[in-house]
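User: Hey, I've got a new structure to look at and I'm a bit lost. Can you walk me through it?

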Amino acid sequence: MKARAGELKAAARRGPRADAADGESAVLAKIAEMPAADRAMAQQLHAIIKASAPTLSPRLWYGMPAYAKDGNVVCFFQSGQKFKTRYATLGFSDKANLDDGAMWPTSFALKELTAAEEARIAALVEQAVS
């Protein structure tokens, strides 16, 4: 909650002239602070998300790298170290268009990113912003 309060204060200080570069630099700085394994995964995810959905704007959300459409977070990356879990998480908010019947996943555990996972994530992100 402290991280989110700090994000809101920083956004208020920047004002309406803040641009996407501010969000991107904040996300890249947060990724750089992560432990090596999570940092490598976050860098890969950042590249996949930017390539799959260039309309999404990087920003911090509760201290995590996130990607927003029209100011609403669509997806985010949570380092495994943040809550001392054995895996990192790629999550989607209720703004993501992932509905599939009456039940669908909103987050995915990530231990590593292979070509198969990268392709699946790219497809999920594209669907989420469609």
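Analyst: Sure! This is a predicted model. Let's start with the sheet: it is open, has five strands in the order β1-β2-β3-β4-β5, and the pairing is antiparallel.

User: Which strands stand at the edges?

Analyst: Those are β1 (57-61) and β5. Each of them has a single partner strand, so one side of each is left without a neighbour in the sheet.

User: And how much are neighbouring strands turned against each other?

Analyst: By 25° on average, if you ignore direction.

User: OK, zooming out. How many helices and strands does the chain have?

Analyst: Four helices and five strands. Going along the sequence, the pattern reads α-α-α-β-β-β-β-β-α.

User: Which strands does α3 lie across?

Analyst: α3 lies across β1, β2 (64-69), β3, β4 and β5, and it runs at about 150° to β3. There's also α4, which lies across β2, β3, β4 and β5 and runs at about 25° to β4.

User: Let's talk about β4 then. How many of its residues are buried?

Analyst: Five of its five residues, so to speak of it as mostly covered is fair. Both faces are covered. On one side you have Ala88, Leu90 and Phe92, on the other Thr89 and Gly91, and all of these are buried.

User: Why do the residues split between two sides like that?

Analyst: That's a general thing: in a regular strand, side chains alternate between the two faces of the sheet.

User: What does β4 pair with?

Analyst: β3 is joined to β4 by four bridges, and the two run antiparallel. β4 and β5 also pair in the antiparallel sense, over four bridges. You can see both pairings at Gly91: Phe76 stands opposite Gly91 in β4, and Gly91 stands opposite Ser107 in β5.

User: You mentioned Phe92. Which residues does it touch?

Analyst: Leaving out residues up to four places away in sequence, Phe92 touches Val74, Cys75, Phe76, Leu98, Thr106, Phe108, Leu124, Val125 and Ala128.

User: Is that part of a core? Which residues in the largest nonpolar core touch the most other members?

Analyst: Phe92 is indeed on that list, along with Leu45, Leu56, Phe77, Leu110, Ile121 and Val125. This core has 29 residues. Several elements each supply at least two of them: α2 (20-33), α3 (36-52), β3 (72-78), β4 (88-92), β5 (107-110) and α4 (115-129).

User: Which one gives the largest share?

Analyst: α4, with six residues. There's a second, separate core too, made of five residues, including Trp61, Met64, Ala66 and Val73.

User: Why would nonpolar residues bunch up like that?

Analyst: In soluble globular proteins, nonpolar side chains tend to be buried together.

User: And what percentage of the whole chain counts as buried?

Analyst: 38% of the 130 residues.

User: New topic: aromatics. How many aromatic pairs are there?

Analyst: A search of the whole structure finds three. One of them is Trp61 with Tyr62: the ring centres are 5.2 Å apart and the planes are at 75°, so the pair is edge-to-face.

User: Is Tyr62 buried, exposed or partly exposed?

Analyst: Partly exposed, because its relative accessibility is 32%, which falls between the 20% and 50% cut-offs. Trp61 also forms a tilted pair with Phe76, at 5.1 Å centre to centre and 50° between the planes. That pair links distant parts of the chain: Trp61 is in strand β1 and Phe76 in strand β3, 15 residues apart. Both Trp61 and Phe76 are buried.

User: What do Trp61, Tyr62 and Phe76 form together?

Analyst: One aromatic cluster.

User: Last one: where is Ser79?

Analyst: In the loop between β3 and β4.

User: Buried or exposed?

Analyst: Buried, because its relative accessibility is 9% and the cut-off for buried is under 20%.

User: What is Ser79 in contact with?

Analyst: Setting aside neighbours within four places in sequence, Ser79 is in contact with Met34, Pro35, Asp38 and Ala88. A polar atom of the Ser79 side chain also lies 3.1 Å from the backbone nitrogen of Gln81.

Key:
Residues are numbered from 1 along each chain as its sequence is written. This is a predicted model: local features need pLDDT of at least 70, side-chain atom pairs count only at pLDDT 80 or more; totals for chains, interfaces and linings use all residues. Side-chain values use heavy atoms; hydrogens and water are left out. A nonpolar core is a set of buried Ala, Val, Leu, Ile, Met, Phe, Trp, Tyr and Cys residues joined through side-chain atoms within 4.5 Å. Buried means under 20% relative accessible area, exposed over 50%, partly exposed in between (1.4 Å probe, protein chains only). Contact means heavy atoms within 4.5 Å. A polar contact is a pair of N or O atoms within 3.5 Å; within protein, one must be able to donate a hydrogen and the other to accept it, and residues adjacent in sequence count only if both atoms are side-chain atoms. Two strands pair if DSSP finds at least two bridges between them. Axes are lines fitted to C-alpha atoms, for helices over the stretch in contact, and angles run from 0 to 180 degrees between N-to-C directions. Rings of Phe, Tyr and Trp (its six-membered ring) pair if their centres lie within 6.5 Å; planes under 30 degrees apart count as stacked, over 60 as edge-to-face and the rest as tilted.
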